[in-house]
Structure formats: C-alpha cells, structure tokens
Amino acid sequence: MMGKKHFYLKLDPSVSDEIERQYNRIVRNEEYLLEKDALGSAYFFGNESDLCKCNIMACIARDTKEKADAEEYQLNLELLQKALSKLKEEHPLEYAVIMSYYFSETNKTMREIGEERNISKQAVNNALKRAYAHLKEYIILYKSES
C-alpha cells in the first residue's frame, strides 16, 4: 500500500468546499492508518468507538508475550536476589561496592564510594567489574539449576 497515490475527489458543485476538504481529509486519514498498519493487526476509522477491524489473534499474542515477559522479569529478579546473597557471602567488598553504587538512597559516584572505603576510584571500578562477573556467573549457575 506504500507509495499508492492519493486522489482527492471533486464533489458536486452544490457541496461546499469546506465539506469537500473535510471529506478528503477523512479519506486520506483512513488511507494513512491503513498504510501505517503494515501488519494488518488493527486499524480504526473515525473515533476509537468505530472499530472496523481488530485481529484478535494479535491481541492475544501481545497479551501472552507481556505475561511471559513479566514472568521472565520476575524470575530474573529472583535470580539476582540469590546472586547478590551469594556475592555477599563470598565477596563482601564487591557486594558493598555494588550496593553503594546501585542501591543506596543517594546516587553515589565511584569517587565517593572510594573515599568512604579509603580506596581509589579505579579500585572501585575494578571491584564493580569483578562483581558483575561474579553476578553473571551466579545467575548462569542458578538458571542452569532451574
């Protein structure tokens, strides 16, 4: 439908120019909505109460995907919590740095965390990198277990 040329209609001379313009605007808007709806899942003419076509399967698929995404998100949160617990047990410095950097009430910079712990900004950066690696390892381990 893309590239299709739109032709404006010239109505009977008894129809006012304003009505003709409005009619052509509505027709062009309908054509635009059809072009925009390349997948053919749903399109509207007029206002939203005038639903002309709705592909129910697309709506069901979208809802199913959203539900699956929410379940995956919840699972990932649980895995992250487990991984953080293990990080706390095995690598307390990396855990403290991660918690200060991402989960503190105030957004702390690496420099501020370094000043609190009497280490350099680079040492904080290295601790974060090690923490990321450990968390990734733990999450992969926990995913393979479930």
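Let's start with how the chain folds back on itself: of its contacts with a separation of 6 or more, 43% are between residues 24 or more positions apart. Keep in mind that what you're looking at is a predicted model. The chain has 146 residues, and 21% of them count as buried.

Now for the building blocks. You'll find 5 helices and 2 strands here, and if you read along the sequence they come in the order α-β-β-α-α-α-α. We'll zoom in on one of the helices, α4, and see how it sits against its neighbours.

Helix α4 covers residues 110-117. Which of its residues are buried? They are Met110, Ile113 and Gly114. Viewed down the axis of α4, these buried residues fall within an arc of 100°, so they line one face of the helix. There's a handy rule behind that kind of pattern: an α-helix has 3.6 residues a turn, so residues three or four places apart point the same way. Now spin round to the face of α4 turned away from the buried side, and you'll meet Arg111 and Glu115, which are exposed.

So what covers the buried residues of α4? The cover includes α3 (92-102) and α5 (121-145). Let's take these two in turn.

First, α3. The axes of α3 and α4 come within 10 Å and cross at roughly 135°. An angle between 115 and 145 degrees counts as oblique, and that's why α3 and α4 are described as oblique to each other. Their crossing is right-handed. On the α3 side of the contact you'll see Leu93, Ala96, Val97, Ser100 and Tyr101, and these meet Met110, Ile113, Glu116 and Arg117 in α4. Sorted by type, the residues of this contact come out as 6 nonpolar, 1 polar and 2 charged.

Next, α5. Here the axes of α4 and α5 come within 8 Å, with a crossing angle of roughly 100°. Angles of 65 to 115 degrees count as roughly perpendicular, and α4 and α5 are therefore roughly perpendicular to each other. From α4, the residues Met110, Arg111, Ile113 and Gly114 meet Lys121, Val124, Asn125 and Leu128 in α5. This contact divides into 4 nonpolar, 2 polar and 2 charged residues.

One last stop on the tour: the spot just after α4. There, Asn118 takes a positive phi of about 60°. Carry on along the chain and you reach α5, which runs over residues 121-145.

Note on methods. Residues numbered from 1 in each chain as written. Predicted model: local features only at pLDDT ≥ 70, side-chain atom pairs only at ≥ 80, totals over all residues. Heavy atoms only, no water. Buried < 20%, exposed > 50% of the residue type's maximum accessible area, 1.4 Å probe, protein only. Helix = DSSP H or I, 4+ residues; strand = E, 2+ residues; numbered from the N terminus. Arc of directions from axis to C-beta. Contact = heavy atoms within 4.5 Å. Axes fitted to C-alpha atoms, helices over the stretch in contact; angles between N-to-C directions. Parallel < 35°, antiparallel > 145°, perpendicular 65-115°, else oblique. Left-handed = near helix turned anticlockwise from the far one by under 90°. Nonpolar A, V, L, I, M, F, W, Y, C, P; charged D, E, K, R; others polar.
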